[in-house]
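Trainee: I've got this one open at the bench and would like a close look at one part of it. Could you walk me through that spot and then show me what else is worth a look?

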Protein chains: 2
Amino acid sequence: MKEHFILDVKTFNKKIPVRKGTDILSGLIKGNIFITSSCGGKGICGRCKVKILKGDFYSEPTGKISDEEKKNNIYLACRTTILGNIEIEILPETIIPKKIEEVFEKGEEFAREIYNIKELFSFSPLVKKLFLRLPPPNFKDTLSDCERLIRSLKKFEKSEKFYIDIANLRKLPNILRNSFWEITVSYVRDGEINEIINIEPGDTSKKNYGIAVDVGTTTISASIVDLNKGIPLKTEITFNRQASFGDDIISRIVFAEKKDGIEKLHHTVTETINELILNLSKTCNISIDEITAIVISGNMTMVHLLLKINPSFLRKEPYIPVANIFPLFKSSEIGIRINPNGILAVVPGGYPYVGGDITSGIIVSGIYKEKDLSLFVDIGTNGEIVVGNKDFLVCCSASAGPCFEGSGVKNGVRAIKGAIQKVKIDNEKVYYETIGNGEPVGICGSGYIELLSELFKNGIINRSGIFISENKRIIEEDGMKEFVITENENQEKIVITQADIENLIRAKGAIFSAISTILKTIGMKPEDIKKVYIAGGFGSHLNIEKAIEIGLLPDLPVERFKFLGNTSLTGAEGYLLSEEFRKLSEEIIKKLTYIDLSRSPIYMEEYLKSLFIPHTDYLERS
Amino acid sequence: MKEHFILDVKTFNKKIPVRKGTDILSGLIKGNIFITSSCGGKGICGRCKVKILKGDFYSEPTGKISDEEKKNNIYLACRTTILGNIEIEILPETIIPKKIEEVFEKGEEFAREIYNIKELFSFSPLVKKLFLRLPPPNFKDTLSDCERLIRSLKKFEKSEKFYIDIANLRKLPNILRNSFWEITVSYVRDGEINEIINIEPGDTSKKNYGIAVDVGTTTISASIVDLNKGIPLKTEITFNRQASFGDDIISRIVFAEKKDGIEKLHHTVTETINELILNLSKTCNISIDEITAIVISGNMTMVHLLLKINPSFLRKEPYIPVANIFPLFKSSEIGIRINPNGILAVVPGGYPYVGGDITSGIIVSGIYKEKDLSLFVDIGTNGEIVVGNKDFLVCCSASAGPCFEGSGVKNGVRAIKGAIQKVKIDNEKVYYETIGNGEPVGICGSGYIELLSELFKNGIINRSGIFISENKRIIEEDGMKEFVITENENQEKIVITQADIENLIRAKGAIFSAISTILKTIGMKPEDIKKVYIAGGFGSHLNIEKAIEIGLLPDLPVERFKFLGNTSLTGAEGYLLSEEFRKLSEEIIKKLTYIDLSRSPIYMEEYLKSLFIPHTDYLERS
């Protein structure tokens, strides 16, 4: 018998019908409410806390809930089974916000400033719009509607091959005559074929827009691009609400393997993208119908989930993606709402853990055409590393976790207003700067790096990251030591915990050891690297010296480092705007070699050596 | 206010809900009951008679209903408005049968016997199925699923370009692994691209079938073809139920211009084809899923309606079709039920009134490669004529009407069992032969030709076709003279009426004058024609001498004539089976020149001269 109950979420005044035995986390997702759940509902991370006001339920005992919380009726949503109608409140810190209102570091904008696609590549947008005045037929010129259209198109496109689908063929005769043979044709070049995707009456060619999207594991960035002028107009960034199903790629894939898992993950990401598109189009006063193309750049797991393709074999040996080069899709087939005839393209990805986001990064950084050896590092939830030059490109992937993106650490936030981004510790005094000088709301990635460096330099933590001093700012909460950053009781208490520090050291260690493994594998030394390109959400605010001090980045002269910001998004824009870029992306993935760290004989040793501040290599040298 | 009533069709025990004010014909169509209506519901043809048992209605006065019929409550369905619940009976003679049970002349089979596609063209079916054993991936061979599949396919197909759609991509990872990397791939070559349309586990390559369809204005023929062996297995023929919306192309187009007209015509023809496919697959014990392709050969109007494309501009100057060469479609997009991933192709057509059926005929007849001048005549509801040789091809189209196909004449039937096909008149004695020696049920096309010749030779009608003798077989019914063919009162009374004769003379005149116009236009004489190819439903039973005697065909030695049967269907089979055939069809339409009879200065004179038995040219010469 299937009993149904109401999960009443007072915070949003939303009543969600659920089946008896559903856990609260699943119930919330069913109701389109997304809260953080780093482990994807396994009861491990202890982040999906909710307050139960009343109702019938059973909650598994867990060490993740403190006595204080127990008194306040706080439970883990994923471990609590609904047995009757139930009323709950969502804790504000668990909500995955729909929009990152103010991003000050603007990694997204940053990349674009230093990288002008139109200057670097021949301009040829993925979808073109052409206004055509067809000569009306007469008894001397009785060409069919379709062939007449193609005859005129051929004056602009040299290709011999054109394709039109049934939907456009059906509307063609009436549109041509109602518009007095003046029409706008949208078409996409797919290999040698030009596919006519839309026919509109009159001249709409002035309005042709595309969407570039970077689908990250933790955040999703999208920009709206003028496909006539070749320039991005506006960018928006939001959290990937798939975080409700797990923080990292592996938890997402595990969730996808559950019943309806793929559908849920697919739906979550497409709806997030659809909201970004809607916001961007509203802000820029552009109609959804005027958006004819969308390009996705992301890691392979994100791409599989977006396309609703089983990602399971990405985590099973020998780790095989469904495709490296994806065909063009109709956006509507993927559930993306732009013009119903719009096209969705995916930047090709070389390997299961080095996807289209890195193809984008390689092109945007330009390392594929340089003579000198370069290092490209994309620091995200997954850290991808590429070493190479015009002759070779070697890559690998390291799971850093989401802490540099402000997730999976107690007071972590993205680089939003009020995020602590600079820290100086002088014994028991802490000086800090927040983004936009706002009231402190948490610590962002660059803040954590400075904090770690300062804690170490002040002897508050040892090389292993363990609190060792008697600093009065170190307190204990729920049996865990933490260091308090904020000054007075009126402020939100912002801390870094022992667990946070261990997390951060593991994250920086994963990146650093990946770099050293790749270099050792190809027989190079850090000094051989002439340029280091840093991509990812950090943008320009990362303090290179401190990143070197904690052992995140190799110890090279600061002037060799260059920030590129979100190269995945910039790459998606390039793919939208240039056929040369699109062809290059396919060449890059053929050129790219992959080192599987989990099968590398060097990696484990390198990783263990990197779990110190900064790392043992540094010690050996100094 | 929208009142709804019940149209209760007692004949089929079917209750159709209709709106107040609907005419009975439209109501019947809504209920999927198709009765003949040559004029498409204009009240002109007087064929859509029904018997009203009781109910509330208003019927317009019409001369098409006799006093006798009035007494029996017979009304024209198209002129009768439903004002309340109503009960009716359908008259058996008005029902468009769902299946032509026994076709004895078998024009369809006939063409195939004399024309072996596999001998004439290189064999390369439209959709191919390949069984592939893919090498499973390992750490040394980590190619993606999609690229792995393509790598194996390339061993069989030289093309560099492969395309796969989202539906197949989505199922690919699981199918590959569940089937232990043994799969069957169905793919279609579209220009230079091979599109993967279906992936199935295991080896299903032995079962690959296609459907060839000739969509005629009056009849629809379909055959099921083994795409591995290249041979047709079975053919079925049925009436085109669109006849409920009008006999000829123009009435259909006019009907299509009404509200929901295109949808109704489209639905009618696709459902008819779907039934043929279902019957063929059942008879041959083939699953619908094993049918991967369907090819349509037909006139442009039929193709437009099948594809649900507005045919209106085919009848408006300067007569423009939507396309001459059609792209490949997904059969499901057209509403055709074969494998859901199946392909629908259309044989390209040169001109609005010389379509793919004639392209088929030109190829099947072989006139495009002969040195001598040939004449190709396809006698159907539309008569198409092609004159030419290896150097040139000229064509035209004449509206003959459906009487040679047994429609639009009082006792007309197709060449079914019991159809009168041979007639000899000796004064007041009539000798006739029926197909299969069945009880006479009506007169088929070849029967009418013999009948016309005999009536003329016996002095019963004059050169203009008017009854002139006192023959006691001439009776008058409803103010119209008719000649009774059947002998006794126990038999079904079968007659030819004065109107039938006029109809037949106009039909034969249309064909003959089209031939003479085309010859005069290119400066040739009938004697220059070395071969005459006759296509269409007549098959081998047409009596050439008599066809010459009545002035349907030019007066040439009988040995120059050759019957080809249904070349449109044979052409569709060729298109299914050979890429060479497909390419040739595109070349043929580029080579073909069209003479528009309605704008020809010669045609009207030729037509008037041909409205005699046989025609005035004959008189002048004799």
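Trainee: Which residue just after α8(A) takes a positive phi, and of about how many degrees?

Mentor: Keep in mind as we go that this is a predicted model. The residue you're after is A:Asn285, where phi is about 55°. Scroll back a little and you're in the helix itself: α8 of chain A covers residues 261-283, which makes 23 residues. From its first C-alpha to its last it reaches 33 Å, close to the 33 Å you'd expect at 1.5 Å a residue.

While you're hunting for backbone oddities in chain A, stop at A:Trp181 too. Phi there is near 70°, a positive value in a residue other than glycine, and A:Trp181 sits in the loop between α6 and β8 (182-190). Next, go to the bond between A:Glu317 and A:Pro318: that peptide is cis, with omega at about 0°. A:Pro318 belongs to the loop between α9 (300-307) and β14 (329-330) of chain A. Now switch to chain B, where the bond from B:Glu317 to B:Pro318 is cis as well, with omega near -5°. B:Pro318 is in the loop that runs between α9 and β14 of chain B.

Since β14 has come up, look at the sheet it belongs to in chain B. This is an open sheet of six strands with mixed pairing, in the order β12-β11-β10-β13-β15-β14. Strands β12 (231-239) and β14 (329-330) are its edges, each pairing on one side only. Further in, β13 (291-298) and β15 (343-346) run parallel to each other over four bridges. To find that pairing on screen, pick B:Ile294, which stands opposite B:Leu344 in β15(B).

Now for where the chains meet. Chain A puts 45 residues in contact with 45 of chain B, and about 3,800 Å² is buried between them, with carbon and sulfur atoms giving 65% of that area. A:Phe139, A:Arg170 and A:Ile320 supply 18% of what chain A buries here, more than any other three residues. How many salt bridges cross this interface? By the rule used, zero. Polar contacts do cross, though: the count is 18 residue pairs. On chain A's side, α5 (145-153), β7 (161-164), α6 (166-178) and α10 (331-334) each bring at least two residues, and α6(A) gives the most, with seven. By class, that side has 26 nonpolar, seven polar and twelve charged residues.

Salt bridges do turn up elsewhere: the count over all chains is 59. One of them joins A:Glu606 and A:Lys520, whose closest N and O atoms are 2.7 Å apart. A:Glu606 is in helix α17 (603-609) and A:Lys520 in helix α13 (498-521), so the pair ties together parts of chain A that are 86 residues apart in sequence.

Finish with B:Asn85, in strand β5 (80-90) of chain B. Beyond its neighbours within four places in sequence, B:Asn85 is in contact with B:Phe5, B:Ile6, B:Lys54, B:Gly55 and B:Asp56. Zoom in on B:Ile6, because its backbone nitrogen is worth finding: it lies 2.7 Å from a polar atom of the B:Asn85 side chain.

Notes. Residues are numbered from 1 along each chain as its sequence is written. Chains are lettered from A and ligands numbered from 1 in the order in which they are written. This is a predicted model: local features need pLDDT of at least 70, side-chain atom pairs count only at pLDDT 80 or more; totals for chains, interfaces and linings use all residues. Side-chain values use heavy atoms; hydrogens and water are left out. Contact means heavy atoms within 4.5 Å. Buried area is the accessible area (1.4 Å probe) that two parts lose on being put together, summed over both. A salt bridge is a side-chain nitrogen of Lys or Arg within 4 Å of a carboxyl oxygen of Asp or Glu. A polar contact is a pair of N or O atoms within 3.5 Å; within protein, one must be able to donate a hydrogen and the other to accept it, and residues adjacent in sequence count only if both atoms are side-chain atoms. Ala, Val, Leu, Ile, Met, Phe, Trp, Tyr, Cys and Pro count as nonpolar, Asp, Glu, Lys and Arg as charged, and the others, Gly among them, as polar. The expected span of a helix is 1.5 Å times one less than its number of residues. Two strands pair if DSSP finds at least two bridges between them.
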